[in-house]
2 protein chains.
Amino acid sequence: MEIYSRIRDIQAKVRELKAEGLSIGYVPTMGALHEGHISLLRRSDEENNISVCSIFVNPIQFNNQIDLEKYPRTLKEDSEKLDKANCDIVFAPSVDEMYPDKVSESYDFGLLEKLMEGALRPGHFNGVAVVVKRLFDICMPDKAYFGEKDFQQLMVIRALVKQENIPVKIIGCPIIREPDGLAMSSRNVRLTPGERRIAPEIFKTLDMMKEKAGKKNIKEILTEAENQLEQHPGVKIDYIQIVDESTLVPITNWDETDNIRAFVALFLGEVRLIDNMKL
Amino acid sequence: MEIYSRIRDIQAKVRELKAEGLSIGYVPTMGALHEGHISLLRRSDEENNISVCSIFVNPIQFNNQIDLEKYPRTLKEDSEKLDKANCDIVFAPSVDEMYPDKVSESYDFGLLEKLMEGALRPGHFNGVAVVVKRLFDICMPDKAYFGEKDFQQLMVIRALVKQENIPVKIIGCPIIREPDGLAMSSRNVRLTPGERRIAPEIFKTLDMMKEKAGKKNIKEILTEAENQLEQHPGVKIDYIQIVDESTLVPITNWDETDNIRAFVALFLGEVRLIDNMKL
């Protein structure tokens with residue numbers, strides 16, 4: 001496995017590999033790798049000749065300086081995990097390398113950036129799009145792999161690729177969960193033991209919603225979900241929604257569409273967690 | 001020299017020293033120490049039995065995530081400099097130690113936070129006040145030393161101490177400059193060689209304003225200063241002002257007050273520099 005920190009070096013390497021006719025699979029990450037990331041890498045390894053993983057904590061997608069500073073940084077452990085998972089190339093640039101100058105790009109994702117995470121995290125998806133566009137230009141992959149845990153992000157990336165005519169195939173991959181159902185996330189390590197015991201309630205609540213989907217009134221299910229989560233200490237709900245998967249617009253009637261997904265975002269103490277499930 | 005990273009440990013130590021009747025001088029910093037910081041420490045060393053210096057890059061006083069990430073972090077070199085400068089105690093906490101929970105404190109500094117830096121950096125002075133209040137509670141100094149380069153910050157700290165009845169004497173200390181006049185700043189290392197050659201123009205411009213103070217029309221001097229600075233490539237002026245030192249309100253007539261100070265804030269390439277001079 002080779003590790004690059006300079007754009008020109010990894011670009012030269014990728015160009016060389018592509019000239020040999022090898023296909024490139026790519027997994028962009030912010031490090032603090034867990035089984036969710038590794039599952040993306042395995043999929044890339046299966047479908048491509050070469051797998052590239054980037055590790056870059058993207059400052060401009062954070063809404064809060066303390067959250068940015070507290071984001072776990074574990075490059076050494078990450079590299080070991082990637083090596084074991086058959087990763088061929090790691091790209092771990094500095095902030096100076098990725099952002100030598102002020103960021104001026106501004107994308108328009110319409111409703112997508114106004115709903116759910118977009119409404120609560122102003123500028124977040126623009127920050128995601130800026131870094132992913134730059135990383136795609138650097139790594140020049142054939143396919144790129146994103147987890148469905150950040151479902152709205154996956155939709156933003158698909159919109160970005162379409163808008164900018166980027167020749168990368170975007171592959172969405174299923175959420176990987178802990179044995180108790182908690183969706184894997186780099187933020188989970190910041191939960192206290194007490195919070196960690198409560199966190200699987202998010203999955204249980206989504207599961208309850210799936211169970212009752214199509215049977216019970218949507219409003220009633222949302223209220224029940226809210227009550228189920230709020231009974232736990234330290235829980236502050238940002239949103240619980242049942243939406244049309246293709247637009248993220250909330251539905252009021254089960255017959256509106258076949259592609260329905262439930263989303264939860266909440267604070268558990270100081271840690272913000274999100275999760276979702278197809279109903 | 002002793003280095004502490006935990007609040008309870010340094011508090012226990014400071015309590016012990018105070019119980020022995022020793023006086024505590026304190027210099028709060030964000031690290032990346034230069035002669036400006038060291039001059040504060042020397043002054044503290046002269047006026048107190050014990051000198052404490054804190055090193056903490058305070059995330060909540062940054063307005064921009066990239067600026068926060070690029071802020072130089074040089075704890076090892078800083079410790080060596082402090083040791084040489086007779087510092088007795090260093091406090092270098094983690095972000096988790098200083099901000100275990102969400103920050104809820106909100107201070108009101110009136111006009112002070114609406115003028116100059118306050119206008120351009122929303123939330124900045126509240127972030128400064130939050131961390132300084134917490135650091136004062138931790139280090140319990142008799143006197144605390146701040147440089148006049150951040151003149152408005154010094155005024156905010158004085159206002160904080162008055163509002164909150166904090167029993168710390170605030171000492172403002174003169175700006176320390178490079179031989180060519182550039183005010184020392186941790187951000188100077190981020191200037192390119194070309195920018196570094198232009199940077200002393202800020203001092204020269206302030207000096208010109210001082211030279212002409214009382215003799216020439218204020219508006220004319222401000223225009224001249226603007227022209228003098230803007231002729232250099234990469235310069236983007238945030239503000240140039242001539243103000244009443246006690247309120248920071250711009251004056252229009254030299255007779256309004258005897259305490260007049262000129263302020264400059266500008267971007268030189270990607271680096272924001274500020275400076276000021278008593279006229």
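**Symmetry, cores and helices of a two-chain model**

Among the residues of chain A, A:Gln65 comes closest to the rotation axis, its C-alpha atom lying 3.1 Å away. The structure described here is a predicted model. The axis in question belongs to the operation that superposes chain A on chain B, namely a rotation of 180° with 0.0 Å of shift along the axis, and the RMSD of the superposition is 0.0 Å. Such a relation is that of a two-fold axis. In general terms, two copies of a chain are related by a rotation about an axis and a shift along it. The two copies use the same surface, since 100% of the contact residues of chain A recur in chain B.

The contact between the chains draws 14 residues from chain A and 14 residues from chain B. On the side of chain A that touches chain B, at least two residues each are supplied by helix H3 (65–70) and helix H5 (95–98). H3(A) gives the most to this side, with five residues. Sorted by class, this side of chain A holds seven nonpolar, one polar and six charged residues. As to confidence, chain A has a mean pLDDT of 95, and 100% of its residues reach 70 or more. For the complex, the predictor gives an ipTM of 0.72 and a pTM of 0.84.

The interior of the chains was examined next. In soluble globular proteins, nonpolar side chains tend to be buried together. In this model, the largest nonpolar core has 40 residues, and those with the most contacts inside it are A:Val52, A:Cys53, A:Phe91, A:Val132 and A:Cys139. Several elements of chain A each supply at least two residues of this core: the helices H1 (7–19), H2 (35–47), H7 (124–139) and H8 (151–163), together with the strands S2 (24–29), S3 (50–55), S4 (89–91) and S5 (143–147). The largest share, ten residues, comes from H7(A). Leaving aside residues up to four places away in sequence, A:Val52 touches A:Ile24, A:Tyr26, A:Asp88, A:Ile89, A:Phe91, A:Cys139 and A:Pro141. A second, separate core has 39 residues, including B:Ile24, B:Cys87, B:Val128 and B:Phe146.

Helix H7 of chain A has 16 residues and reaches 22 Å from its first C-alpha to its last, close to the 22 Å expected at 1.5 Å a residue. Twelve of the 16 residues of H7(A) are buried, so the helix is largely enclosed by the rest of the structure. Among these buried residues are A:Phe125, A:Val132, A:Leu135, A:Phe136 and A:Cys139. H7(A) is followed by A:Met140, whose phi is positive, near 45°.

The corresponding helix of chain B, H7 (residues 124–139), should span 22 Å at 1.5 Å a residue, and its end C-alpha atoms are indeed 22 Å apart. H7(B) is likewise largely enclosed by the rest of the structure, because twelve of its 16 residues are buried. The buried residues of H7(B) include B:Asn126, B:Gly127, B:Val128, B:Ala129 and B:Ile138.

Helix H8 of chain B (residues 151–163) has 13 residues, which should span 18 Å at 1.5 Å a residue; the distance between its end C-alpha atoms, 18 Å, agrees. Its buried residues are B:Phe151, B:Gln152, B:Gln153, B:Met155, B:Val156, B:Ile157 and B:Leu160. The cover over the buried residues of H8(B) includes, from chain B, helices H6 (116–120) and H7 as well as strands S5 (143–147), S6 (169–173), S8 (260–268) and S9 (271–278). In chain A, A:Lys162 lies in helix H8. This residue is exposed, with 10 other C-beta atoms within 10 Å. A:Lys162 is separated from A:Glu245 by 83 residues in sequence and by 18 Å in space, C-alpha to C-alpha.

Backbone angles were considered last. Most residues other than glycine have a negative phi. In chain B, however, B:Met140 has a positive phi of about 45° although it is not a glycine. B:Met140 is found in the loop between H7 and S5 of chain B, and it is partly exposed, with 18 other C-beta atoms within 10 Å. B:Asn86 is another residue other than glycine with a positive phi, here near 70°. It is found in the loop between helix H4 (75–84) and strand S4 (89–91) of chain B. B:Asn86 is partly exposed, with 13 other C-beta atoms within 10 Å. A positive phi, near 50°, also occurs at B:Asn165, which follows H8(B).

How values were computed:
Residues numbered from 1 in each chain as written. Chains lettered and ligands numbered in written order. Predicted model: local features only at pLDDT ≥ 70, side-chain atom pairs only at ≥ 80, totals over all residues. Helix = DSSP H or I, 4+ residues; strand = E, 2+ residues; numbered from the N terminus. Expected span 1.5 Å × (residues − 1). Buried ≥ 20, exposed ≤ 12 C-beta atoms within 10 Å, placed from the backbone. Core = buried A, V, L, I, M, F, W, Y, C linked by C-beta atoms within 7 Å. Contact = placed C-beta atoms within 7 Å. Nonpolar A, V, L, I, M, F, W, Y, C, P; charged D, E, K, R; others polar. Least-squares fit on C-alpha atoms with pLDDT ≥ 70 in both. pLDDT = per-residue confidence, 0-100.
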